Amino acid sequence: MILNIDPGIVDWSRAQFALTAIYHWLFVPLTLGLSFLVAIMETIYVKTGDPEWKRITKFWMTLFGINFAIGVATGIILEFEFGTNWSNYSWFVGDIFGAPLAIEGIMAFFLESTFIAIMFFGWNKVSKKFHLASSWLTAIGANLSALWILVANSWMQYPVGMKFNPDTARNEMHNFWDVLFSPVAVHKFLHTISSGYVTAAIFILGISAWFLLKKREILLARKSILVAAIFGLIMSLFLAITGDGSAYTIAQKQPMKLAAMEGLYKGQTSKGLVLVGIPNPRKKAGDGQKDFAIKIEVPGLLSMLGYHNVDAFVPGVEDILAGNFKPEYQNVPSAEKEKAFPVSEKIERGKLAIAAFGDYKYAKKAGDKVAAVRADSTMKANFAYFGYGYLKAPEEDVPNVALIFYSFRTMVIFGFYFILLFIVVLYFHSRNLITGKRWLQYVMLWTIPLVYLAEQAGWIVAEIGRQPWVIQDLLPTRAAVSMIETTSVQITFWLFAAIFTALLIAELMIMTRQIKLGPKDGGTK
Amino acid sequence: MFESLSLFSLQQYWWMIISLLGAILVFLMFVQGGQTLIFQLGKTETEKKILVNSLGRKWEFTFTTLVTFGGAFFASFPLFYSTSFGGAYWVWIAILFCFIIQAVSYEFRSKPNNFLGQKTYDIFLFINGALGTILIGAAVSTFFTGSQFSIHKENLATLANPVISQWQGPAHGLEAVLNWRNVGLGLSIFFLARILGTLYFMNTVEEKNILGRAKKQLFINAVPFLVFFLAYVFALILSSGFAADPASGVVSMESFKYLHNLLAMPVVLILFLAGVVLVLWGIILPLWKFEKSASKSIWFAGTGTILTVFSVFLLAGFNNTAYYPSTYDLQSSLTIRNSSSSHYTLTAMSYVSLLVPFVLAYIWYSWWSMNRKKIDTIEMEGDDHAY
């Protein structure tokens, strides 16, 4: 007997994945960036032989180690949650999605875990150069790991390089390179790692500023600020460039996500970019209400950024739902080249594809080859909309517009603020004024929470913006879930919430104590 | 190179890689076994610190191997991943919890202001060592004893519930620990990990008091290990198994299936026997000639562990056997033929697998670089990053 999926299990499974991913994403960006910054500092030590640089390197390395451990702890669950909580997903796309996870383990995790031991314990056991190489290899390992998981994530946003096989009831990889080098994957990887580099640079700026405020470790603080600010400025500019690239790919591949990012319900040609605004929280697609209480926008900029054409039409939520736009800029199935389909029609086509899949399986079992070929042909003609068949109404295709709108602005506004901060810091540092500017030291210190806020906001834009899809257009979240009792996931949700919160508190307490102790005692006593 | 191989050859190749990763994982569980011995072998704070730091330089290998084992299983046999993880929910979640608490414990335990206190982190390490090994052993044992699940790929066409793999027992995996054979393998792995832990300490630690206690613990743990392991092996070769017809894929019960597998695959039999002999030799050697041989015994017992576990995995998956059998619906059982990734994906992954020797080489080199000098009290006092 087949029971219906309890909607509660989908919500709780999503909540659990979001919770564990949010916790993991608190620690990963710092690991990505700090690993390189530590390696750069150690390189300066090896090049100059100045013991102060060794002391500086070891101090930041201690903080890196504390952060790394909790990143590992929160990371293991994510890989296995694809199986425990999203079992249907694991089979439907496991042929493609599993490969990056395995490569991540073989190529990245072993590199990281092997050389991190030398990085921490090998100071007196291996040569200076081997130790330095270990620090760089740890950083490369951490960033390679980001590459593979982001390739996997990008494929969820933009599934390419595969075909559906009705015999195995899953999507199968047909071109590995399409998966690896999809434009979404390239932009997502570069944008995400550069955000990690900026996070680490601001972390170093903030803590160094604290030392300056306390009038302690002035030399360490000044040297660290210089390295972090140069690194941070280069990476924050790169972050802006890759952010632009990401937005461009979203416009082509996920127009609904772009519409949500802009709070755009009715599309326009020469559409302006909303700089700041307050979206109407009660607004629903097609209800005729105003979409914004107030907004300030730059004319034509959204068309320019999204389609590299100032006159381009940017479809809004209502246009996408109704199919009221010419998809000349969007990468769409060939059937939609002339005119976009309304979502209601996509739902009908999706149901046709799913029913044809069922007919195919039945015909194969019965040995009816003619019926199987007919069903296969119907399924192929409509497969681009397979996932829509699981939706109950077109409105389900719309993600949480207000949340995505605010998250996007949080990420972008802070991103530009970080560029400005790095420039100001470098200016005062170059004039030897950094130690006297207490206001700037406070600004640097209090920018630390802001960079974490920007990181989380970026994650929300990427992942909540993808809803209702777990695989864009092919599998909605609700059809991806494991068939377990809702109470089981409720229990594990609270267990994870409790253990990760406890570990976060421990991490913050240890980290702040280590910072207060400073590098004099090696950062460990 | 790999493109020309048949799908079945690739499936076999990947089952061997999974088996090898599983085997290396069990060997590396000396870390878990060692964690359960910290309180018994270390009587002073310095001794405990030596033991923790000796393990603390290797724990990430075990952790990474577990994660890679999971990732490789996902990539090569995704139907196992979706069926077992999504079905035996509680047993896998319990295992994951054991590893979450381990990951922070080394780094946090001796740091000041660590919120939960050093004792809590040491207890975390003990839980990881004890429960983690027993549960992983019990989960792997279901490869021979079976689980209750059904798989219907046509469910995808059911809009209200398209889930393909569905668990049919209310305990969602916890029922595995109610089967004495599963518990038997779990306890075998637990005591084996403790044996390997004592041998690892003999290899890396330079403190007489610790080594004396390790020798005693080696004997104490060898006895229950042999009892549980031999009982498990005898039960296994006498039990019925899950045979899969290679032409039709139909799964049926076959008396003495695993004994038949051993006899049908003499290479596996030889690997298994050689592995058992090497483990026993690794145990006997330090008890017999401690001064001369204790330090290198880990390599005998470790190699033996890898060979034994590798052959046990081959026993589960090769010779037309369902490696993840369903006792609820025999025809839902997973074989390496019906649960693998496509030819293309296995081929692409096979090229990636060529990196494995390179990975093993740098692991060996770094291990050698770090272990040239044994850990002692002096090193602990001078190391500013000691756990």
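Is Gly94(A) buried or exposed? In this model, which is predicted, Gly94(A) is buried, because 29 other C-beta atoms lie within 10 Å and a count of 20 or more is what buried requires. The residue belongs to helix α3 of chain A, and a look at its neighbours leads directly to the place where the two chains meet. Once neighbours within four places in sequence are left aside, Gly94(A) is in contact with Arg170(A) from its own chain, and with Phe74(B), Pro78(B), Tyr81(B) and Ser82(B) from chain B. Met162(A), by comparison, is 68 residues away from Gly94(A) along the chain, and the C-alpha atoms of the two are separated by 12 Å.

From this one residue the view can be widened to the whole contact between the chains, in which 72 residues of chain A are in contact with 67 residues of chain B. On the chain A side, at least two residues each are supplied by α2 (51-84), α3 (87-121), β2 (170-173), α11 and α15 (486-517). Helix α3(A), where Gly94(A) is found, provides the largest share of that side, namely 25 residues. Sorted by class, the side of chain A that touches chain B consists of 44 nonpolar, 21 polar and seven charged residues.

Val359(B) offers a view of the contact from the other chain. This residue lies in helix α16 of chain B, which runs over residues 356-371, and it touches Ile106(A) and Phe110(A) when residues up to four places away in sequence are not counted. Val359(B) is partly exposed, because 17 other C-beta atoms lie within 10 Å, a count that falls between the limit of 12 or fewer for an exposed residue and that of 20 or more for a buried one. Within chain B, Val359(B) and Phe201(B) are 158 residues apart along the chain, and their C-alpha atoms are separated by 24 Å.

Phe77(B), in turn, is placed in the loop between α5 (59-76) and α6 (78-87) of chain B. Phe77(B) is buried, with 29 other C-beta atoms within 10 Å. Beyond the neighbours within four places in sequence, its contacts are Ser339(B) and Ser340(B), and a related long step along the chain is seen with Ser342(B), which is 265 residues from Phe77(B) in sequence but 9.4 Å from it in space, C-alpha to C-alpha.

Such links across the sequence can be set beside the figures for chain B as a whole. Among its contacts between residues at least 6 apart in sequence, 77% join residues at least 24 apart. The secondary structure of chain B comprises 17 helices and four strands, and of its 387 residues 58% count as buried. The C-alpha trace spans about 65 × 45 × 45 Å along its principal axes. For a compact globule of 387 residues a radius of gyration near 21 Å would be expected, and the 22 Å of chain B agrees with this.

Returning to chain A, the domain assignment gives domain 1 (1-181 + 481-511) and domain 2 (343-394), whose centres, taken over C-alpha atoms, are separated by 36 Å. Helix α12 of chain A, which has 14 residues (369-382), should span 20 Å at 1.5 Å a residue, and its end C-alpha atoms are indeed 20 Å apart. Its buried residues include Ala372(A), Ala375(A), Met379(A) and Asn382(A), and because these cover an arc of only 105° around the axis, they are on the same side of α12(A). An α-helix has 3.6 residues a turn, so residues three or four places apart point the same way. The buried residues of α12(A) pack against α11 (343-366) of chain A, whereas Lys369(A), Val370(A), Val373(A) and Ser377(A), on the other side of α12(A), are exposed.

Helix α8 of chain A, residues 255-262, gives another picture. Eight of its eight residues are buried, so α8(A) is largely enclosed by the rest of the structure; among them are Lys257(A) and Glu262(A), as well as Pro255(A), Met256(A) and Leu258(A). The cover over these buried residues includes α7 (218-253), β4 (273-279), α9 (301-307), α10 (317-322), α13 (401-430) and α14 (438-464) of chain A. After α8(A) comes Gly263(A), whose phi is positive, near 60°.

Methods
Residues are numbered from 1 along each chain as its sequence is written. Chains are lettered from A and ligands numbered from 1 in the order in which they are written. This is a predicted model: local features need pLDDT of at least 70, side-chain atom pairs count only at pLDDT 80 or more; totals for chains, interfaces and linings use all residues. The expected span of a helix is 1.5 Å times one less than its number of residues. The arc is that of the directions from the helix axis to the C-beta atoms. Two residues are in contact if their C-beta atoms, placed from the backbone, lie within 7 Å. Ala, Val, Leu, Ile, Met, Phe, Trp, Tyr, Cys and Pro count as nonpolar, Asp, Glu, Lys and Arg as charged, and the others, Gly among them, as polar. Domain bounds come from an automatic or database domain assignment. The radius of gyration is taken over C-alpha atoms; the globule rule is 2.2 Å times the number of residues to the power 0.38.
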